Amino acid sequence: MPIKLENVAIAVRDLDAAVAFFTDLGLTVLGRDTVSGEWADTAVGLDGNHVKLAMLGTPDGHGRLELFEYIHPDAIETEPTLPHEIGMHRVAFSVDDIDEALAIAARHGCRPLRGVATYEDVYKLTYVRGPSGILVMLAQELAARDRSDR
């Protein structure tokens, strides 16, 4: 059976703020909608499910991120996910310039959890706490090197 990843969906506190953050990083809004009804209740398993949503896409056309804000029932606030907790972890993006991506994140009040790390001269990467506490990994691939010695 063929399978492909459709999207990653994330509930957010403020849809407009989350859309602004991710579009500033380079994603594009593919569409916005308000969703409710029996079909939504059935699919999600939640009576009275009513959300505002935005579907965003990556510039390469391969990745999609669905952001949604609950109208009903009231959203339940939880503690932000920690890097070592079981469950949904983070959303990760490759960026051309991690310093530029971090400057964009900072304009939205988002900073690295600890700092920027270099992984084996292959990537510079960091986790930031994005809108609504979402963990967002930003990774910049460093100049290609000869890996034939591995």
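**Entry 1. Strand pairing**

I count two strands as paired if DSSP finds at least two bridges between them. The model I examined is a predicted one. With that criterion I looked up β2 and strand β3 (residues 50–57), and I found them paired in the antiparallel sense over eight bridges. I then took one bridge from this pair: Ser-36 has His-50 in β3 as its partner.

I next asked in what order the strands of the open sheet run. Four strands form this sheet, and I read their order as β1-β4-β3-β2, with mixed pairing. β1 and β2 (28–36) are at the edges with a single partner strand each, so one side of each is left without a neighbour in the sheet. For the twist from one strand to the next I noted an average of 20°. As background, I recorded that side chains in a regular strand alternate between the two faces of the sheet.

**Entry 2. Hairpins**

I turned to the strands further along the chain. Strand β6 (residues 117–119) pairs with strand β7 (residues 123–129) in the antiparallel sense, over three bridges. Within this pair I found Ala-117 opposite Leu-125 in β7. The two strands, β6 and β7, form a hairpin with three residues between them. Glu-120 lies in that turn, and I noted its positive phi of about 45°.

β7 also pairs with strand β8 (residues 135–141), in the antiparallel sense over seven bridges. Here I found Thr-126 opposite Leu-138 in β8. β7 and β8 form a hairpin too, with five residues between the strands. In this turn I noted Ser-132, whose phi is positive at about 60°.

**Entry 3. Salt bridges**

How many salt bridges does the structure hold? I found four, and I looked up three pairs, including Glu-6 with Arg-64.

In the pair of Glu-6 and Arg-64, the closest N and O atoms are 1.8 Å apart. The pair links distant parts of the chain, since Glu-6 is in the segment before β1 and Arg-64 is in strand β4 (residues 64–72), 58 residues apart. I asked whether Glu-6 is buried or partly exposed. With a relative accessible area of 40%, Glu-6 is partly exposed. Arg-64 also counts as partly exposed, at 33% relative accessibility.

For Arg-32 and Asp-16, I recorded a salt bridge with the closest N and O atoms 2.7 Å apart. Arg-32 belongs to strand β2 and Asp-16 to helix α1 (residues 15–25), so this pair ties together parts 16 residues apart in sequence. Arg-32 has a relative accessible area of 46% and is therefore partly exposed. Asp-16, at 48% relative accessibility, counts as partly exposed.

Lys-52 forms a salt bridge with Glu-69, and here I read 3.7 Å between the closest N and O atoms. The pair ties together parts that are 17 residues apart in sequence, because Lys-52 is in strand β3 and Glu-69 in strand β4. Lys-52 is partly exposed, with a relative accessible area of 32%. I placed Glu-69 in the buried class because its relative accessibility is 17% and the cut-off for buried is under 20%.

**Entry 4. Pockets**

Rolling a probe the size of a water molecule over the atoms shows where empty space is left. I first looked up the largest pocket, which holds about 660 Å³ of space. Its lining has 25 residues, and I listed those closest to the centre as Ile-10, Ala-11, Thr-78, Ser-132 and Ile-134. Ser-132, which I had already noted in the turn between β7 and β8, is thus one of the residues closest to the centre of this pocket.

Which element gives the most to the lining of the largest pocket? I found strand β1 (residues 8–11), with four residues. Sorted by class, this lining has 15 nonpolar, five polar and five charged residues.

I then turned to the second largest pocket, with about 380 Å³ of space. Its lining consists of 18 residues, and nearest its centre I found Leu-25, Pro-59, Ser-94, Val-95 and Asp-96. The elements that give two or more residues to this lining are β5 (91–94) and α3 (98–107). By class I recorded nine nonpolar, five polar and four charged residues for the second largest pocket.

How values were computed
Residues are numbered from 1 along each chain as its sequence is written. This is a predicted model: local features need pLDDT of at least 70, side-chain atom pairs count only at pLDDT 80 or more; totals for chains, interfaces and linings use all residues. Side-chain values use heavy atoms; hydrogens and water are left out. On a 1 Å grid over the protein atoms alone, a cavity is a set of points where a 1.4 Å probe fits but cannot get out, and a pocket is an open set with protein on both sides within 12 Å along at least five of seven lines; lining residues have an atom within 4 Å of a point. Grid points are joined across faces, edges and corners, and a volume is the space filled by probe spheres set on the points. Ala, Val, Leu, Ile, Met, Phe, Trp, Tyr, Cys and Pro count as nonpolar, Asp, Glu, Lys and Arg as charged, and the others, Gly among them, as polar. Axes are lines fitted to C-alpha atoms, for helices over the stretch in contact, and angles run from 0 to 180 degrees between N-to-C directions. A salt bridge is a side-chain nitrogen of Lys or Arg within 4 Å of a carboxyl oxygen of Asp or Glu. Buried means under 20% relative accessible area, exposed over 50%, partly exposed in between (1.4 Å probe, protein chains only).
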